[in-house]
Structure formats: structure tokens, C-alpha cells
Amino acid sequence: YVDFQAHPDLSELHPQLNKKTATSRIHLIEPPYLPGEEKKLYAGFFVFRRLSFVMPMLWPMVLVLYAPGSGLIGPLVYQWVADHRYLFHLNKTCRENACYR
């Protein structure tokens, strides 16, 4: 786990990562499996999909997340939820994105 707001240079973590992309969605950087390989960067829906294998509470979702067509529909659903995440708060202050200001 890395707090991107506390990290001065995100490109040190991965060349494709910057502050704008980090604030838009969740990211997962996997270490290389073989020597000479680069780190793999996953974003948004594909992080959730990847984590479904290691989080037991998400195991029931594996079949849905890897179903045919989910790679096309999943990112659209994820982006909508990410763009409107503050609407899901019960606290009215959080709905206006003012919780953490």
C-alpha cells in the first residue's frame, strides 16, 4: 500500500503513473515475476478484478468479473462509480466531496 499523496515522485513507482492518473482511480503495481520483466500496472476495474483472487470475500465475484464481455462493461461501470463515489455517502458533507478538505 502506497499513499500517492505522500509520495513525491510517482514515476519512481511506475513510469506510467502520475498524480492525475493516481487521483482518477485505484492502481495496482505488481512486481515482475521473472528477472528482466517490467512491473505490471493495473488500473480501475482491472485492479478490482485482480484482487478478487486474493480477497476471500470477493471469491464469489470471480466468475462475474472474468465472464466474457466483463472486460468491456466492467471499466465503464467502475468509471461511473469512481466519478460519482461521493453520492454514495450518507453524510451530506461527503456528498459534496468536502469530507477530506
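Buried means a relative accessible area under 20%, exposed means over 50%, and partly exposed lies in between, with a 1.4 Å probe and protein chains only. The structure is a predicted model, in which local features need pLDDT of at least 70 and side-chain atom pairs count only at pLDDT 80 or more, while totals for chains, interfaces and linings use all residues. Residues are numbered from 1 along each chain as its sequence is written, and side-chain values use heavy atoms, with hydrogens and water left out.

**Exercise 1. The chain as a whole**

Determine how many helices and strands the chain has, and in which pattern they follow.

Solution. Step one is to fix the terms: helices (H or I, at least four residues) and strands (E, at least two) are DSSP runs, numbered from the N terminus. Step two is the count, which gives five helices and two strands. Step three is the order along the sequence, α-β-β-α-α-α-α. Step four concerns burial: of the 101 residues in the chain, 20% are buried. Step five concerns the surface, for which areas come from the Shrake-Rupley method with a 1.4 Å probe, only the protein chains shown counting as cover for residues. The accessible surface of the chain is about 7900 Å², and carbon and sulfur atoms account for 64% of that area.

**Exercise 2. The salt bridge**

Identify the residues that form a salt bridge, and state where each is placed.

Solution. First, a salt bridge is a side-chain nitrogen of Lys or Arg within 4 Å of a carboxyl oxygen of Asp or Glu. Next, a search of the whole structure yields one such pair. Its partners are Glu30 and Arg50, whose closest N and O atoms are 2.7 Å apart. The pair links distant parts of the chain, since Glu30 belongs to strand 1 and Arg50 to helix 2, 20 residues apart. Finally, Glu30 is buried because its relative accessible area is 10%, whereas Arg50 is partly exposed because its value is 28%.

**Exercise 3. Two phenylalanines in loops**

For Phe88 and Phe53, state the location, the exposure and the contacts beyond four places in sequence.

Solution. Begin with Phe88, which lies in the loop between helix 4 and helix 5 (92-95). Phe88 has a relative accessible area of 52% and is therefore exposed. Contact means heavy atoms within 4.5 Å; leaving aside neighbours within four places in sequence, Phe88 is in contact with Trp80 and Val81. Turn then to Phe53, placed in the loop between helix 2 and helix 3 (62-65). Phe53 has a relative accessibility of 44%, so it counts as partly exposed. With neighbours within four places again left aside, the contacts of Phe53 are Trp59, Val62 and Tyr66.

**Exercise 4. Leu76 and Pro8**

Is Leu76 buried or exposed, and is Pro8 buried or exposed?

Solution. Leu76 is located in helix 4. Leu76 counts as exposed because its relative accessibility is 62%. From Leu76 to Phe45 the C-alpha to C-alpha distance is 8.5 Å, with their positions 31 residues apart in sequence counted as the separation. Pro8 is found in the segment before helix 1. The relative accessible area of Pro8 is 81%, so Pro8 is exposed. Pro8 and Lys19 are 11 residues apart in sequence, and their C-alpha atoms are 9.4 Å apart in space.
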